[in-house]
Amino acid sequence: MHSWRQALAGVLALLAGLGLTAAVHAQAAPDGRSTGAADLRVVVDVSGSMKTHDPDRLAASAMDLLVSLLPDGGRAGVWTFGERVDAPLPLGRVGPAWRERALALPPALGDYQQYTDIEAALRRAAEPEAGGRRHLVLMTDGVIDLPPVRGAKPAIDRASRRRLVNDLAPALADQGVTVHAIAFSDAADLALVERLAQRTGGLAAKVDTPEGLLGAFLDIVERIFPADRLPIEDGRFMVDDGVDRLSALIFHPPEGPPLTLIAPDGRRYSADAAPPGARWQVEPRFDLIRLPDPQAGEWRIAGPVGEGSRISVGASWQLRTAPLPATLYRGFPVPVEAWLATEGGQATLPANLTLEVSLQDEAGEVQSSVTLEADAEGRFRGRLPAPALTGNARLVVRASGDGFVRQRRQAVNVLPAIGAVHDAEAGRVVLAAEHPALSRDNTRLHGELRGERLAARAVAPARWHLALPELDDELRQPLLLSAEITLDGETRELRLPRLMLNPGGRIGIDQADLAGPTLAAERFASPGDAAAPAEPASLADRFVEAVNAVPARLHEAWQAGWPGLRRLAERHGGDPRLWAGLGLAAVLLLGGLLWRRLRRPRARHPREEPHV
């Protein structure tokens with residue numbers, strides 16, 4: 001069993017070191033502009049549901065982790081929310097006094113409240129108390145639960161969710177506010193978390209281990225404060241003459257052997273015998289090593305080097321990129337622009353310089369890559385092939401030349417360009433555009449089923465219905481989907497993942513790959529129906545309703561003959577309400593027959609004398 005507190009106990013010192021690295025590279029934003037004006041606002045869920053979904057108080061430890069990542073001089077604050085919204089650490093300048101106040105916050109994060117008002121929390125935390133770009137980090141189980149005194153439930157919860165997605169998220173994006181969302185539970189409204197991040201240009205992640213939490217926060221901080229890296233290959237990394245400071249974060253197993261760093265001249269360093277001027281912090285799951293003026297040449301790490309380990313550097317040459325999107329879309333290529341910039345007056349680029357961009361999945365496998373072409377101004381441009389998979393991934397930009405190498409890594413979320421869900425009850429497929437540039441004005445959708453071409457009908461600006469013919473309940477069959485898209489005067493066909501149809505199955509499609517955040521929470525609901533459903537019926541009402549429905553179901557099955565009865569048994573054989581209803585009907589039938597027999601008058605026969 002993971003111990004969150006033990007895993008994160010030494011993170012503050014780690015993140016303080018990373019914060020210094022971030023401060024060094026604060027000017028190195030993805031678009032080349034200064035990020036010094038950006039501020040970060042942590043929004044922590046302290047509702048009662050978090051007490052259940054976050055029993056190890058991961059959110060409290062995560063908050064400590066995040067605030068310690070921030071460089072001195074930045075602006076940050078902490079908000080908590082449940083039924084009400086509080087600001088235990090108002091927005092202020094990050095420094096020793098601010099960090100001391102932040103470290104005293106954990107008791108306030110354990111003051112659980114009964115309800116969950118995500119909308120009010122984001123509105124309050126996003127208020128523009130300062131200029132510049134604002135980054136909100138929402139940590140929640142993602143379930144909206146408003147107090148009943150505000151109105152009928154679940155109508156008020158659903159109305160708040162619609163305002164969050166349709167009104168607040170676009171408004172925040174227009175104001176330059178980015179929402180990064182981290183969910184702590186399988187019961188979370190993951191679609192809500194994804195859509196908030198998608199519509200504001202942020203990252204979304206679900207974490208359930210200390211390592212996952214650390215990785216999610218490092219991804220967020222690296223997006224806000226990007227830094228150049230040196231690649232680690234087989235425990236080795238190359239330091240060139242231009243590197244003047246280095247920060248190594250090396251992950252390892254909790255019970256692993258002590259780490260040893262071997263310099264190019266063969267000298268061996270450890271936490272007990274660090275290089276002159278170095279700071280070496282040892283924690284159960286990682287070591288943090290900061291070296292000023294590291295020796296040029298190949299360095300080696302003796303010991304296990306865990307996934308996520310990184311070498312960040314400050315140097316005269318710095319790798320820059322045009323803004324990299326936080327969300328990519330399956331089927332759409334990614335334009336990339338990168339270049340090298342210098343602050344030391346150095347004019348000559350490294351010899352034989354090449355820049356390459358790749359998309360890697362969570363396992364680190366390269367899904368696609370492209371070598372960028374240089375122009376006359378020293379800018380390198382290219383188009384990364386369209387992603388073929390959905391989920392969390394990383395864009396890796398690598399510059400290499402003679403004795404020179406730099407990397408930038410940015411976490412991204414890959415979504416389907418168009419989500420699809422089979423609405424079996426309505427006999428149709430519901431499709432929704434995830435890509436913001438797609439709409440009914442430039443997109444036509446078609447399906448192919450058993451050789452028959454089916455056209456989708458637009459029912460909203462970014463939503464379509466595709467009516468299905470009558471299907472065989474027992475036959476699982478694929479629906480091929482395609483889109484004809486016209487963008488920038490160019491028309492092309494986009495193949496969507498095939499959808500497996502089977503109304504007799506419970507779901508029948510790969511929801512994680514096809515639904516997308518727009519449709520994930522409304523798989524079998526009537527799209528566009530804004531009315532909230534009635535309160536759920538009581539157990540007794542549901543039982544009576546089921547019993548009353550039995551005769552109709554039996555009648556329909558009887559009309560269909562033996563195949564109908566067999567389908568009824570296959571569909572509802574596992575439903576106890578059906579068998580309870582059948583049992584009750586049988587008891588009532590037998591009781592009625594017995595009652596009629598008892599009340600039937602007995603026939604009287606004349607008594608005959610025995611024959612002699």
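Right after helix α9 comes Gly 201, and its phi is positive, near 80°. Keep in mind that you're looking at a predicted model. Now step back into α9 (190-200) itself. Eight of its eleven residues are buried, so this helix is largely enclosed by the rest of the structure. The buried ones are Ala 191, Leu 192, Val 193, Arg 195, Leu 196, Ala 197, Gln 198 and Thr 200.

One of the elements linked to α9 is helix α7, because the buried residues of α7 pack against α9, along with α8 (155-174) and the strands β1 (39-45), β2 (75-81), β3 (85-93) and β4 (134-140). Which residues of α7 are buried? They are Ile 118, Glu 119, Ala 121, Leu 122 and Ala 125. These five cover an arc of only 165° around the axis, which means that they sit on the same side of α7.

Glu 119 deserves a second look. It belongs to α7, which spans residues 118-125. Is Glu 119 buried or exposed? It is buried: its relative accessible area is 8%, and the cut-off for counting as buried is under 20%. If you look for its contacts, leaving out residues up to four places away in sequence, you'll find Ser 160, Arg 163, Leu 164 and Leu 168.

Let's zoom out for a moment. The protein chain has 15 helices and 32 strands. It has 612 residues, and 48% of them count as buried. The chain exposes about 29900 Å², with carbon and sulfur atoms supplying 52% of that area. Now take the contacts between residues at least 6 apart in sequence: 70% of these join residues at least 24 apart.

With that many strands around, sheets are a good next stop. Strands of a sheet pair through backbone hydrogen bonds, and they can do so in a parallel or an antiparallel way. One open sheet here has four strands in the order β16-β18-β22-β21, with antiparallel pairing. Its edges are β16 (317-321) and β21 (373-374); each has a single partner strand, so one side of each is left without a neighbour in the sheet. You can trace the pairing of β16 with β18 (residues 334-342), where five bridges join the two antiparallel strands. Look for Trp 317, which stands opposite Thr 342 in β18.

Further along the chain, another open sheet is built from four strands, in the order β28-β27-β31-β32, and its pairing is antiparallel too. Here the edge strands are β28 (452-455) and β32 (490-501), and because each has a single partner strand, one side of each has no neighbour in the sheet. On average, neighbouring strands of this sheet are turned by 25° against each other, ignoring direction.

Follow β27 through this sheet. Five of its seven residues are buried, so to speak of it as mostly covered is fair. How many bridges join β27 (residues 443-449) to β31 (residues 477-487)? There are six, and the two strands run antiparallel. Leu 445 stands opposite Ala 483 in β31, while Glu 448 stands opposite Leu 480 in β31. With β28, β27 pairs in the antiparallel sense over four bridges, and His 446 has Ala 455 of β28 as its bridge partner. The hairpin of these two strands has two residues between them, and Arg 450 takes a positive phi near 55° there.

Strands from this sheet also feed into a nonpolar core. The largest nonpolar core has 26 residues, and the ones with the most contacts inside it are Val 429, Leu 431, Leu 466, Leu 468, Leu 479, Leu 481 and Leu 501. The elements giving two or more residues to this core are β25 (418-423), β26 (428-433), β27, β30 (463-467), β31 and β32. Leu 431 makes a nice example to click on: among the residues it touches, not counting those up to four places away in sequence, are Ile 418, Leu 445, Trp 464, Leu 466, Leu 481, Leu 496 and Leu 519. Apart from this core lies another one, of 25 residues, including Leu 105, Val 221, Phe 225 and Ala 326.

Key:
Residues numbered from 1 in each chain as written. Predicted model: local features only at pLDDT ≥ 70, side-chain atom pairs only at ≥ 80, totals over all residues. Heavy atoms only, no water. Pairing = 2+ DSSP bridges. Axes fitted to C-alpha atoms, helices over the stretch in contact; angles between N-to-C directions. Buried < 20%, exposed > 50% of the residue type's maximum accessible area, 1.4 Å probe, protein only. Contact = heavy atoms within 4.5 Å. Core = buried A, V, L, I, M, F, W, Y, C linked by side-chain atoms within 4.5 Å. Areas by Shrake-Rupley, 256 points an atom, 1.4 Å probe, with all protein chains shown as cover. Arc of directions from axis to C-beta.
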